[in-house]
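The following account leads the reader through one structure, from its overall form to its interior and then to a bound molecule. Please keep the sequence and the model in view while reading.

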Amino acid sequence: MKNGLTIPIVILVGGFLFLNPPVTEAQISKSDIEMLDKLSRFPGDLGPLPKVPVPADNPQTPDKVALGKMLFVDGRLSLGPDRKSSCLTCHIPEKAYATDHPTDIGAKDPRNSPTLLNAAYNKRQMWDGRLPSLEAQALSLIKMGLAVSDEITRLRGYKEQFNKVFGTEEVTAENMAKAIAAFERTLTTPNSPFDRYAQGDKSALSESEKRGLWVFLLKGACVQCHRGINFTDDEFHNLGVPPRGPDDKDPGRFGITQKEEDRGRFKTPGLRNVALTPPYMHNGVFKTLEEVIEFYNKGGGDVPGKSERMRPLNLTDEEKKDLITFLKALTGELPPFIPPTLPTE
Ligand code: HEC
Ligand code: HEC
């Protein structure tokens, strides 16, 4: 640790998180911000995006990424309820690889399409964490699609491309999934203002954004769950998010584990680029970040089994604004999307 103030602030934050006294005196002073500026490490191991992790059995190559991108946009994969969709239908590059409708059919229960930006860092995929990797996620969809149409496997253009990448002309679902996952691993967004700040450029965040970071770490204690380099603990929590309507009875993680304590628990989503991906929560029930912050400020919903970490925050109007400006400073450099040419025969 480079500097002596890191320890006191870690103790301070640690004490706050574990003793949990609501901080009602809001005023964030200049010296608080100076202290923040001196930190070389942040509580909760918040930090800049590292290099993307790549599994040993699916190394990245430019040809594989190019093939993955073709498959990603190809409607002949026959996905979705209409059997005409590609990944692009619900993960739209111009919408930060999500959609702007509250829910899309992606599971038994309609849920909000998560962004694929930085999904490569997730320890588990889907709101209920039912799939362990990008490869497993893509494979499960391809198998559903191919059961209806195997048009794609017969195209010469794909056979040649598969031969180049995998050394076999056979277009298998497993290799399709590997190629798509390799493409998804290029969807990272480094160099957000927060990343530059964490790397030592103390002018990368405005005063308001720094106060927002302070609220994120201390008074709001968001970092209890939104931690690490991707702002998620990869765990499941019940916040008491309100249902969209009487038919919205999504059991969340319970649907996978059948453990009663998992009812209503959903995976903590990463918060990078969150300003670009409304609506919010697993069911898209909140239209804006303002609505999300109001929800947290009142201590979440009123349901049995709610996380003990949820409690009223008593944020001032200014702190709410600061928190939102901070969340916006998590928007990084988006990868360019150049549509590929698809094989016709
Ligand atoms: C019809 C809309 C739709 C299509 C088509 C679709 N998705 Fe999704 N995707 C979703 C929804 C909805 C979820 C969340 C479902 C859940 O949690 O149960 C999701 C979740 C994911 C996740 C998990 C992300 C996370 O943060 O947990 C990944 C990765 C993903 N999709 C990739 C793909 C790929 C690759 C394709 C194409 C092979 C694809 N999706 C096609 C709607 C879609
Ligand atoms: C107890 C753990 C926990 C705490 C504390 C927490 N979050 Fe969350 N956050 C989650 C989970 C879990 C979800 C998804 C909940 C759902 O959909 O049911 C979520 C969702 C969100 C979303 C929506 C993201 C999206 O893509 O839909 C935002 C924004 C957010 N949290 C910000 C915050 C902020 C700001 C704080 C502090 C005031 C905070 N969170 C505190 C666990 C937590």
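Within helix H9, the residues Glu209, Lys210, Arg211, Gly212, Leu213, Trp214, Val215, Phe216 and Leu217 are buried. Helix H9, which covers residues 207–217, is thus mostly covered, with 9 of its 11 residues buried. The model in which this helix is seen is a predicted one.

The chain as a whole gives the setting for this helix. It contains 12 helices and 2 strands, and from the N terminus on its elements follow the order α-α-α-α-α-α-α-α-α-β-α-β-α-α. The C-alpha trace spans about 65 × 50 × 30 Å along its principal axes. A compact globule of 345 residues would have a radius of gyration near 20 Å, and the chain, with 22 Å, agrees with this. Buried residues account for 41% of the 345 residues. Of the contacts between residues at least 6 apart in sequence, 74% join residues at least 24 apart.

The interior may be considered next. In soluble globular proteins, nonpolar side chains tend to be buried together. Here the largest nonpolar core has 38 residues, and Leu213, Trp214, Phe216 and Leu323 are those with the most contacts inside it. Helices H8 (193–198), H9, H11 and H12 each supply at least two residues of this core. Helix H9 gives the most to it, with 5 residues. Another core, of 31 residues, lies apart from this one and includes Leu71, Leu117, Leu141 and Phe162. When neighbours within four places in sequence are left aside, Trp214 is in contact with Ile28, Asp32 and Leu36.

Which helices do the buried residues of H12 pack against? They pack against H9 and H11. The buried residues in question are Glu319, Asp322, Leu323, Ile324, Thr325, Phe326 and Leu327. Helix H12 comprises the 12 residues 317–328, which at 1.5 Å a residue should span 16 Å; the end C-alpha atoms are 17 Å apart, and the two values therefore agree.

Helix H11 also has a part in the surroundings of ligand 2. This helix, residues 289–297, provides the largest share of the shell around the ligand, namely 3 residues. Of the 25 residues around ligand 2, those that come nearest are Gly220, Cys222, Cys225, Met281 and His282. By character, the residues of this shell divide into 16 nonpolar, 8 polar and 1 charged.

Terms used:
Residues are numbered from 1 along each chain as its sequence is written. Chains are lettered from A and ligands numbered from 1 in the order in which they are written. This is a predicted model: local features need pLDDT of at least 70, side-chain atom pairs count only at pLDDT 80 or more; totals for chains, interfaces and linings use all residues. A residue is buried if 20 or more other C-beta atoms lie within 10 Å of its own, exposed if 12 or fewer, and partly exposed in between; C-beta atoms are placed from the backbone. Helices (H or I, at least four residues) and strands (E, at least two) are DSSP runs, numbered from the N terminus. A residue is near a molecule or strand if its C-beta atom, placed from the backbone, lies within 6 Å of it. Ala, Val, Leu, Ile, Met, Phe, Trp, Tyr, Cys and Pro count as nonpolar, Asp, Glu, Lys and Arg as charged, and the others, Gly among them, as polar. The expected span of a helix is 1.5 Å times one less than its number of residues. Two residues are in contact if their C-beta atoms, placed from the backbone, lie within 7 Å. A nonpolar core is a set of buried Ala, Val, Leu, Ile, Met, Phe, Trp, Tyr and Cys residues joined through C-beta atoms within 7 Å. The radius of gyration is taken over C-alpha atoms; the globule rule is 2.2 Å times the number of residues to the power 0.38.
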